[in-house]
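User: I'd like to go through this structure and ask how some of its labels were reached. Could you set each value against its cut-off for me?

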Amino acid sequence: MKTIFTNAMILPGAGNWTPLKNAYLVIDGDRIVEIGSDVYHGVADRTIDCSRKLLMPGLYNLHSHTPMSILRGIGSGLPLQEWLFDRMFPLEARMNADDMRVGCRLAIAEMLSGGVVSVSDMYHHTAEYVQEFLDSGMKANVCFPIMDDNPSQGQSRVSRFDASVDFVRQFDGLNNGRLKADFGIHAEYTNSPEGIARYGAVCRDMNGRMQLHLSETAAEHEGCKQRYGKTPARFFADLGVFENPTVAAHCVFAEAADIELFAEKGVVPAHNPSSNMKLGSGVMPIRAMFDAGLRVALGTDSSASNNNQNMLEELHLAAMIHCGFNHSATAVHAAELLDAATINGALAQGRSDCGALKSGYKADLIAIDLNRPHLKPNLDCAALVAYSAQAADVSMTMIDGEIVYRDGRFLTIDTDRLDADLDASLKRVFQGG
Ligand SMILES: [Zn+2]
């Protein structure tokens with residue numbers, strides 16, 4: 001099927017954030033086949049008028065724990081350790097597979113309506129809710145992370161090594177590649193070095209991709225140095241983990257030598273400004289990372305620590321906090337953050353033909369309704385998206401040429417059923433019903 005978008009303002013992306021005005025974009029099947037100015041003279045099965053709309057690449061959320069959306073807001077205002085151990089862990093222990101599915105579906109609905117086309121997801125029992133991604137048509141890199149025994153902290157968890165590897169074997173590449181199954185390591189402090197080294201080697205043998213948490217808090221970063229005499233980044237590198245394409249969430253306390261290591265190994269930091277601010281973790285050294293040539297990506301983290309899945313808000317916060325924190329209005333630039341929210345995420349997920357509006361690329365795109373007071377006048381399009389646009393301004397989300405959300409309607413999610421399922425889950429998790 002051939003679709004043509006006409007009369008659009010188009011932001012191509014991939015470093016080019018200068019808009020094409022009064023332009024058209026043609027899609028054949030799941031790919032973009034042509035972008036041009038003025039009038040398209042070919043024939044299409046479907047024509048979509050985009051007057052007063054901005055077309056841009058869909059957003060890539062490079063770090064989340066989608067099922068936690070059913071715990072949105074719980075424990076807000078508590079210190080991190082209390083939030084995690086006293087509130088999150090007991091509630092998570094009550095969540096069954098149905099609850100995870102509904103939390104995941106709720107997160108997907110929120111993301112699709114906010115222009116997110118793909119997410120990197122990490123949680124427990126991923127095999128039990130991964131069908132939600134397949135049903136919704138959303139792209140996702142999902143992992144079932146290892147959380148092995150960790151003698152250094154006296155913890156004893158059940159090894160998930162085999163199940164994690166089986167998850168990759170079973171699910172990677174489904175839905176015509178929209179679903180990718182990644183390897184995942186929860187963190188340095190929840191795993192043994194031996195388990196991590198063995199797991200990293202399996203990932204390498206299977207040509208896999210790795211997701212992990214790294215240097216999110218001062219306690220984690222300094223604790224690792226005390227335990228092993230090195231930073232978490234050096235710890236993972238020495239165990240061979242970074243020989244795999246790796247997305248490292250947070251990296252708040254990454255040191256200069258860590259950033260050099262990331263550059264050498266191609267590690268992609270996933271920046272989560274809301275979560276890092278809300279939990280009081282700190283500010284990632286993003287300028288030093290960009291200067292070292294890192295392709296920094298952007299993520300929301302879970303709705304328990306954010307409290308939403310709103311990537312335009314992350315973009316806005318990232319554009320603000322580094323300037324404020326560094327006392328410099330040039331600490332970050334809208335264009336490099338737009339790359340972080342789109343093509344950098346796509347490449348980090350192993351999607352080399354996604355993340356930009358270019359001929360031959362997958363048709364992952366969003367429309368932003370420019371006919372809003374806060375989006376007028378449009379004198380600097382990149383700045384408008386980074387500083388002024390809101391998630392609710394997204395009027396259409398298309399993934400692989402399929403419209404999944406348009407004008408407030410979800411085309412792949414039954415929202416009445418989602419509401420009913422959510423009610424049942426909330427009753428079960430919070431009232432034991
Ligand atoms: Zn996380």
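User: Which charged end sits over the ring of Phe161, and what makes that count?

Analyst: Happy to help; please keep in mind that this is a predicted model. The residue is Arg198, whose charged end lies 4.0 Å from the centre of the Phe161 ring. The distance cut-off is 6 Å from the ring centre, with a further limit of 35 degrees from the ring normal, so 4.0 Å falls within the distance allowed.

User: How many aromatic pairs does a search of the whole structure find?

Analyst: The search gives 10 aromatic pairs. One of them joins Phe85 and Phe89, with 5.1 Å centre to centre and 85 degrees between the planes.

User: Why is the pair of Phe85 and Phe89 called edge-to-face?

Analyst: Ring centres must lie within 6.5 Å to pair, and planes over 60 degrees apart count as edge-to-face. With 5.1 Å and 85 degrees, Phe85 and Phe89 meet both conditions, so the label follows. The two residues are four apart in helix α1 (residues 80–94), which means about one helical turn separates them.

User: Are Phe85 and Phe89 buried or exposed?

Analyst: Neither label fits, because buried needs under 20% and exposed needs over 50%. Phe85 has 42% relative accessibility and Phe89 has 31%, so each counts as partly exposed.

User: What makes Phe235 and Phe236 an edge-to-face pair?

Analyst: Their centres are 5.4 Å apart and their planes make 70 degrees, so the 6.5 Å and 60 degrees cut-offs are both satisfied. Here Phe235 is buried at 3%, and Phe236 is buried at 0%. Ring pairs also link Phe235 and Phe236 with Tyr228, Phe242 and Phe262 in a cluster.

User: Where is Asn191, and why is Asn191 called buried?

Analyst: Asn191 lies in the loop between β9 (179–185) and α6 (193–205). Its relative accessible area is 0%, under the 20% cut-off, so Asn191 is buried.

User: How do you know that the side chain of Asn191 reaches Ile146 by a polar contact?

Analyst: The Asn191 side chain is 3.2 Å from the backbone oxygen of Ile146, and the limit for such a contact is 3.5 Å. Ile146 is found in the loop between β8 (139–143) and α5 (161–171). At 2% relative accessible area, Ile146 is buried as well.

User: Which residues is Ile146 in contact with, leaving aside neighbours within four places in sequence?

Analyst: Among them are Arg160, Phe161, Ser164, Gly184, His186, Asn191 and Tyr199. Cys50, by comparison, is 46 Å from Ile146, C-alpha to C-alpha, and 96 residues away in sequence.

How values were computed. Residues are numbered from 1 along each chain as its sequence is written. This is a predicted model: local features need pLDDT of at least 70, side-chain atom pairs count only at pLDDT 80 or more; totals for chains, interfaces and linings use all residues. Side-chain values use heavy atoms; hydrogens and water are left out. Buried means under 20% relative accessible area, exposed over 50%, partly exposed in between (1.4 Å probe, protein chains only). A polar contact is a pair of N or O atoms within 3.5 Å; within protein, one must be able to donate a hydrogen and the other to accept it, and residues adjacent in sequence count only if both atoms are side-chain atoms. Rings of Phe, Tyr and Trp (its six-membered ring) pair if their centres lie within 6.5 Å; planes under 30 degrees apart count as stacked, over 60 as edge-to-face and the rest as tilted. Contact means heavy atoms within 4.5 Å.
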